[in-house]
Amino acid sequence: MPCTRPPSAPLHLISNVNETSVNLEWSPPRSSGGRQDLTYNVVCKRCGPDGRRCQACGNGIHFSPQQLSLKGTRVSINELQAHTNYTFEVWAVNGVSPQSPGPEQAASVTVTTNQAAPSPVTSIQAKDITRHTISLAWQPPDRANGVILEYEVKYYEKDQNERSYRIIKTSSRSTDIKGLTPLTSYVFHVRARTAASYGEFSGPFEVMTNSVPAPIIGDGANSTVLLVSVVGSVVLLIILISAFVISRRRSKYSKAKQDSDEEKHLHQGVRIYVDPFTYEDPNQAVREFAKEIDASCIKIEKVIRNRPSRIIFVGSRRKEKLKFVLLLEKALVEK
């Protein structure tokens with residue numbers, strides 16, 4: 001009996017992708033290894049976006065008619081993930097293949113499944129609630145099955161029970177629903193769309209609008225911003241009050257210092273007031289006063305009964321000067 005060997009690789013391997021299914025076809029190898037027990041095995045690998053870092057597909061994949069010991073040259077692989085890279089290897093084997101397996105016995109092809117409708121959105125949250133606005137946010141579907149192009153939000157009043165609803169579309173994973181009625185329960189559903197189609201709507205998510213007025217700085221205002229504004233206003237008010245008090249104190253201090261300087265200048269060695277009523281003779285008062293000041297500061301303006309009736313004191317304190325003149329003049333008239 002002649003020697004036999006493992007067969008060569010299958011020829012002309014082609015693939016046909018139909019959404020999440022792949023059909024493979026090939027031709028028999030050039031050499032069957034001199035044996036008549038030629039069969040085929042199919043290996044499935046799921047790869048990363050760059051076509052590398054591949055791993056076995058695992059369970060959940062369906063091969064028709066079967067994955068191993070195929071006698072024909074055609075197979076269908078179903079239940080694949082959408083928008084995913086796969087590498088398929090078709091091995092030609094016979095009775096002696098286990099003794100000397102090698103890559104020369106296999107042909108491979110890499111495909112990308114089509115996009116499909118995404119899985120439902122499962123996580124929805126209400127970020128902010130006011131009287132007329134509800135801010136929603138959600139996580140992407142567990143299985144995008146392609147590139148998410150947009151989201152659709154359907155909402156209605158709970159009492160309406162979907163008889164009358166509205167639709168909002170957005171490309172982001174959040175939106176603000178405005179124009180709502182205060183103190184009213186609303187039901188929300190969200191679904192995603194790929195190039196293939198829309199996915200199913202999420203389960204109902206119920207939220208009630210507030211009844212209290214919106215914050216003074218606008219609907220949906222952040223409480224932190226409000227707190228900072230109030231604190232800033234209080235600090236500014238304290239600064240203005242402090243500046244006013246300091247300014248007043250400085251003004252009073254400056255005036256008191258000026259008055260003190262004037263008093264010191266006027267009282268240095270000079271007695272500015274002499275009471276004529278303490279003298280029997282007013283002329284004596286004049287003489288006493290004249291002892292305290294420079295003679296050039298005394299001037300007789302008028303003589304009554306051959307007596308001086310007015311004395312002018314030239315100085316910086318006008319008030320004391322007039323007081324002295326009036327007292328002296330009154331005393332002279334009474335005399």
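These are my notebook entries on a predicted model, covering one sheet, one lysine, two cores and a pocket.

**Entry 1: the sheet**

I looked up how the strands around residue 150 onward are arranged. Four strands make an open sheet, and their order is 12-11-14-15. The pairing in this sheet is antiparallel. I then noted the edges: strand 12 (166-170) and strand 15 (205-208) each pair on one side only. From one strand to the next, the twist averages 30°.

I went on to the pair at one end of that order. Strand 11 covers residues 150-157, and five bridges join strand 11 to strand 12. The two run antiparallel. I picked out one bridge: Glu-152 has Lys-169 of strand 12 as its partner.

**Entry 2: Lys-154**

Is Lys-154 buried or exposed? I first placed Lys-154 in strand 11. Its relative accessibility is 11%. Lys-154 counts as buried because that value falls under the 20% cut-off.

I listed the contacts of Lys-154, leaving out neighbours within four places in sequence. They are Glu-162, Tyr-165, Arg-166, Ile-167, Val-187, Phe-188, His-189 and Phe-201. Of these contacts, Arg-166 also falls within strand 12 (166-170), an edge strand of the sheet.

**Entry 3: the cores**

Which residues touch the most other members of the largest nonpolar core? I found Leu-24, Trp-26, Val-75, Ile-77 and Phe-88, out of 21 residues in that core. At least two core residues come from each of strand 2 (21-27), strand 3 (39-47), strand 6 (74-78), strand 7 (85-93) and strand 8 (106-112). Strand 7 supplies the largest share, four residues.

I took Ile-77 for a closer look. Setting aside residues up to four places away in sequence, Ile-77 touches Thr-20, Ser-21, Val-22, Leu-24, Ile-61, His-62, Phe-63 and Phe-88. Leu-24 and Phe-88 in that list are also among the core residues named above.

I noted another core, apart from the largest one. This other core has 15 residues, among them Ile-177, Tyr-186, Phe-188 and Val-207. Phe-188 is also one of the contacts of Lys-154.

**Entry 4: the pocket**

I looked up the largest pocket last. About 160 Å³ of space lies in it. Which residues line the largest pocket? The lining consists of Tyr-155, Tyr-156, Glu-157, Gln-160, Ser-164, Tyr-165, Arg-166, Gly-179, Leu-180 and Tyr-186. Strand 11 gives the most to this lining, with three residues.

I cross-checked the lining against the earlier entries. Tyr-165 and Arg-166 line the pocket and are in contact with Lys-154. Tyr-186 lines the pocket and belongs to the core of 15 residues.

Technical notes
Residues are numbered from 1 along each chain as its sequence is written. This is a predicted model: local features need pLDDT of at least 70, side-chain atom pairs count only at pLDDT 80 or more; totals for chains, interfaces and linings use all residues. Side-chain values use heavy atoms; hydrogens and water are left out. Two strands pair if DSSP finds at least two bridges between them. Axes are lines fitted to C-alpha atoms, for helices over the stretch in contact, and angles run from 0 to 180 degrees between N-to-C directions. Buried means under 20% relative accessible area, exposed over 50%, partly exposed in between (1.4 Å probe, protein chains only). Contact means heavy atoms within 4.5 Å. A nonpolar core is a set of buried Ala, Val, Leu, Ile, Met, Phe, Trp, Tyr and Cys residues joined through side-chain atoms within 4.5 Å. On a 1 Å grid over the protein atoms alone, a cavity is a set of points where a 1.4 Å probe fits but cannot get out, and a pocket is an open set with protein on both sides within 12 Å along at least five of seven lines; lining residues have an atom within 4 Å of a point. Grid points are joined across faces, edges and corners, and a volume is the space filled by probe spheres set on the points.
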